[in-house]
Amino acid sequence: MRPELDYRALFAATPSPYLVLGTDLVVVDVNDAYCRATGRCREELVGQHLFVAFPDNPMDRMADGVRNLRASLERVLETGKPDTMGVQRYDIPVTARPGTFEERWWSPVNTPVHGPDGQVAYLIHRVEDVTDFLRTRGIPSSGRWAGRSHSERAQSMEAELYVRARELQRLNDELRAAHARERQVAVTLQEAMLHSPDLARHEDVAVRYLPAVGSLNVCGDWYDTVDLADGRFSVAVGDVVGHGLEAATVMGMLRSALSAASRAVSGPAQALEVLGLYARSVEGALATTAVTALIDTRGKLIVYSSAGHPPPVLLSAQGSCRLLDQATDPPLGARPEHVPRPQAGTAYGTGDTLVLYTDGLIERRDEDIDSGLDRLTEALTTMGHLSPQRLADALLARLGVAGGARDDVALVVVRL
C-alpha cells in the first residue's frame, strides 16, 4: 500500500506561490514560495485580511491592484469558477522599510475550492512574479524594429503580449460592467413581470424562480397566486417555449390573462380554456404549458386542471406523495378547435403540502420524465417537516438545480 500523502508538506513545497483565502478574504494559509516572493513570513500573513496585508501603494496614484484583484475574487465567489487575471502591477510593502513599496508585476489566477455542499469554501490565489521579465524586455517605440536581431524582436514581441494582456483585461472589465448593467435591467424586468400582490398575504406559500444558466434572467416560466372569495385562492405555474426577452414578453401576457381569467370564471378548467383561446392570438404562445389549482380552505379541497404541464405533487403530513394527474390535457393551442378542458378535485389534510413546478426542476438530458418525477417524489418524502421556505431551498439543492439548470425553473410550495 502507498503511504498516505502529506498534503500540507506538498502544499508547502509547491514551487509556484500560493495563498489560500477564506470567503471573507482573510488569509488562511500560504506556501513557502509565496513567502519568498513577497518577503513575508507565514506568521505575518495568516489571519490578516488580504488587502490589509497588501494594500495599494499610496505613492502610486494610478494603483489599481486592490480593485482588480478584489473584482476577480468576487467573480470567483459569485460564479464558483476560476478567474485568470491579466498581468497586474501590484507593489508590495518592504518590511525592512515601513512606508516603502517595491514595484512588482504579477500574473495571477484565482481558483475556488468547493465544500461538501457545493458552495465555495476557500479561494486559492496563485501568482507568478513577472517583474524581472518586464524589466529586461523593453518594448521598442514605433519604427524601431529595423536593425534589431531576431532574438531582440522576439523578446520585444513577448513583452508586447504582456501589455496586450493588460489591455484585454481592461476591455473584459468594461464588458463585465456592461453585462452587469444589462443583467440588472433584466432582473428588474423579471421581478416586475412576476410580481404577485396577493402572494404577500400567504405566509405559507413559498415561490422560487431560477433562470436557465447563461440567460440574462429573463425567461418564459412563471408563477402566480390569486386570492378569491370565501377563503379560496389559486396558484399556478406555466412555461412558455424558449428563453430571452421574446419568451418573457409572451409569458407576461399569458400570466396576466390567466390571473384575470381565474378571477372571472368558476374554476381552473374554465380559466385554462380562456387562456387557450387568448393564446391563439399571441405570437409565440402556442405549445405553452400551464397548471392551475384552486384551494378551498374551508372545504379542504384542491381543484386543478393542467394544459400539458407536469403534475403537481401533494405531499401528506405523514410523508407520502401523490401526483395530481387526473386532469391533464394538451398544451395551449394544440387542438385546432376549442374543446372543454378536464378538471379534477382531491381532499387534503392540515399540514399537507402542495408543490407546483416547471419541467426545468425534473427533466434531465437522456432521461424520461418518469425518472424525474420519481426523483422529485423521493426527495419530497423526507421534507414534509420543513417550512415552505426551507423546503423550497432544500428541494432545489437536492435536485441539483440550486445554482441554475439548462432550463428555467419555477417552483411554488403551499403548506395547507
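At what angle do helix α10 (residues 369–380) and helix α11 (residues 388–398) pack, and how far apart are their axes? In this predicted model, the two helices pack at an angle of about 135°, and their axes lie 10 Å apart. Because an angle that is neither under 35 degrees, nor over 145, nor from 65 to 115 counts as oblique, α10 and α11 are oblique to each other. Their crossing is right-handed. On the α10 side the contact is made by L376, E378, A379 and L380, while α11 contributes L391, L395 and R398; sorted by class, this contact of α10 with α11 has five nonpolar residues and two charged ones, with no polar residue.

The structure also holds two aromatic pairs, which are set out below.

| Pair | Centre to centre | Angle between planes | Geometry |
|---|---|---|---|
| F11 and Y18 | 6.5 Å | 55° | tilted |
| Y34 and F54 | 6.1 Å | 80° | edge-to-face |

Y34 belongs to helix α2 (residues 32–38), whereas F54 sits in the loop between α4 (50–53) and α5 (65–79), so this pair ties together parts of the chain that are 20 residues apart in sequence.

As to confidence, the protein chain averages a pLDDT of 85, and 86% of the residues score at least 70. Over residues 139–148, however, pLDDT stays under 50, and for this stretch the model has twelve contacts beyond four places in sequence. Where pLDDT is low, the predicted coordinates should not be read in detail.

Note on methods: Residues are numbered from 1 along each chain as its sequence is written. This is a predicted model: local features need pLDDT of at least 70, side-chain atom pairs count only at pLDDT 80 or more; totals for chains, interfaces and linings use all residues. Side-chain values use heavy atoms; hydrogens and water are left out. Axes are lines fitted to C-alpha atoms, for helices over the stretch in contact, and angles run from 0 to 180 degrees between N-to-C directions. Helices (H or I, at least four residues) and strands (E, at least two) are DSSP runs, numbered from the N terminus. A crossing is left-handed if the near helix is turned anticlockwise from the far one by less than a right angle, and right-handed if clockwise. Contact means heavy atoms within 4.5 Å. Ala, Val, Leu, Ile, Met, Phe, Trp, Tyr, Cys and Pro count as nonpolar, Asp, Glu, Lys and Arg as charged, and the others, Gly among them, as polar. pLDDT is the predictor's confidence in each residue, from 0 to 100. Rings of Phe, Tyr and Trp (its six-membered ring) pair if their centres lie within 6.5 Å; planes under 30 degrees apart count as stacked, over 60 as edge-to-face and the rest as tilted.
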